[in-house]
Amino acid sequence: MYGELTDKKTIDKVRQTFDNYESNCFEVLLYKKNRTPVWLYMQVAPIRNENDKVVLFLCTFKDITVFKQPIEDETTRGWTKFARLTRALTNSRSTLQQLTPMNKTEVSHKHSRLAEALQLGSDILPQYKQEAPKTPPHIILHYCTFKTTWDWVILILTFYTAIMVPYNVSFKTKQNNLVWLVLDSVVDVIFLVDIVLNFHTTFVGPGGEVISDPKLIRMNYLKTWFVIDLLSCLPYDIINAFENVDEGLSSLFSSLKVVRLLRLGRVARKLDHYLEYGAAVLVLLVCVFGLVAHWLACIWYSIGDYEIIDEGTNNIKRESWLYQLAISIGTPYRYNASGSGQWEGGPSKNTLYISSLYFTMTSLTTIGFGNIAPITDGEKIFSVAMMMVGYILPSNHCFWLKYESSIILLFG
């Protein structure tokens, strides 16, 4: 592409840029296939992978012949300088439109590198992010720095609720601890603020365009995530904290808290971007496995807690795994005949949760030791379902490990 009129020093600089994996820009004279000389503004940028190794170079070229001294080649030899300049302007008319300076609003959205780093979307910014859509003052762009940072906060709090909600519902914990009550109330307030922000945040339409009309934004949010987000931010913990709340109403409020787990659908869509990184895939698989084991542990305890007392005779079922655990660790259940007339005692909640998690972990990994075993029909049915889940999870692990190993063999 270069010839007799190309500056040799510029050629050496370009070669040195590629050899040293640097980013640089040049004004260089190159030649087309028909040997027509053309001035180009060349930009070189190295592209690195997750291991900080350069895998390719991104080179962009812009025709700047119109701004340079007219070139005298064989086809224009003998022409006047005015004639050569006229030919250059005619051939490069489209270049003037490409090199027109951007307006201020476009420049203001180009420099937002933090938003690009935090955005859990595609590696290459879509075309609508290269532009500057005109939005009303109270409308927030969904890819701006503030909104992407806020989405990270919501993502972390969603994981928090995915862990705490099943535990609180299964173990029927009333938040009498002031610290936890304040923390959960702050989470509820943040989810409420998120609802308000979603009513003022742009979204991408079916054609890839940015929708900034307030009426369309509200209608879209009301049709999609509004109901789930509203049920997620209701202060169930504050209601359950009152001692005079009816037990049935309290159980209803606790059950409604499970709706918060539907917010994980948003998390799944955002984390899809990280499936191309090997280390991120392994971390996500471990987190998913631990989260599934936690949920199953809460269900396993709920089954035992429901079946341990025979409601017809008010007697304790000795075949229940909770009764067997209480006997084995020396904290048996006892009937309070003189007081409440109910069964009391038994293992502490911490012991019950750890034992439940231990059983689900050993069942999912098919390393059951038999010290905690299903006895009743309900426990056996749940154990069969858990074994099927345990079969599916290792299959996915093997698939991703084989995929990652093949990538390592191909690219080192």
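## How two helices pack

Helix axes are lines fitted to C-alpha atoms over the stretch in contact, and angles run from 0 to 180 degrees between N-to-C directions. This is a predicted model, where local features need pLDDT of at least 70, side-chain atom pairs count only at pLDDT 80 or more, and totals for chains, interfaces and linings use all residues. Residues are numbered from 1 along each chain as its sequence is written, and side-chain values use heavy atoms, leaving out hydrogens and water.

Let's start with helices H15 (residues 321–329) and H16 (residues 349–364), where helices are DSSP runs of H or I with at least four residues, numbered from the N terminus. H15 and H16 pack at an angle of about 115°, and their axes are 12 Å apart. That makes H15 roughly perpendicular to H16 (65 to 115 degrees).

Contact here means heavy atoms within 4.5 Å. On the H15 side you will find Trp 321, Leu 322, Leu 325 and Ile 329, which meet Thr 351, Leu 352, Ser 355 and Ser 356 of H16.

## Annotated segments

The unreviewed UniProt entry lists residues 178–197 and 352–375 among its "transmembrane region" segments; such annotations may be inferred rather than shown by experiment. Residues 178–197 are 100% helix and 0% strand, with end C-alpha atoms 29 Å apart. For residues 352–375 the values are 54% helix, 0% strand and 17 Å.

## An aromatic pair

The whole structure holds 13 aromatic pairs (ring centres of Phe, Tyr or the six-membered ring of Trp within 6.5 Å). One of them joins Phe 171 and Tyr 301: their ring centres are 4.2 Å apart and their planes at 5°, so the pair is stacked (planes under 30 degrees apart). Phe 171 sits in helix H7 (residues 145–171) and Tyr 301 in helix H14 (residues 278–307), so the pair ties together parts 130 residues apart in sequence.

Methods:
Helices (H or I, at least four residues) and strands (E, at least two) are DSSP runs, numbered from the N terminus. Angles under 35 degrees count as roughly parallel, over 145 as roughly antiparallel, 65 to 115 as roughly perpendicular and the rest as oblique. Rings of Phe, Tyr and Trp (its six-membered ring) pair if their centres lie within 6.5 Å; planes under 30 degrees apart count as stacked, over 60 as edge-to-face and the rest as tilted.
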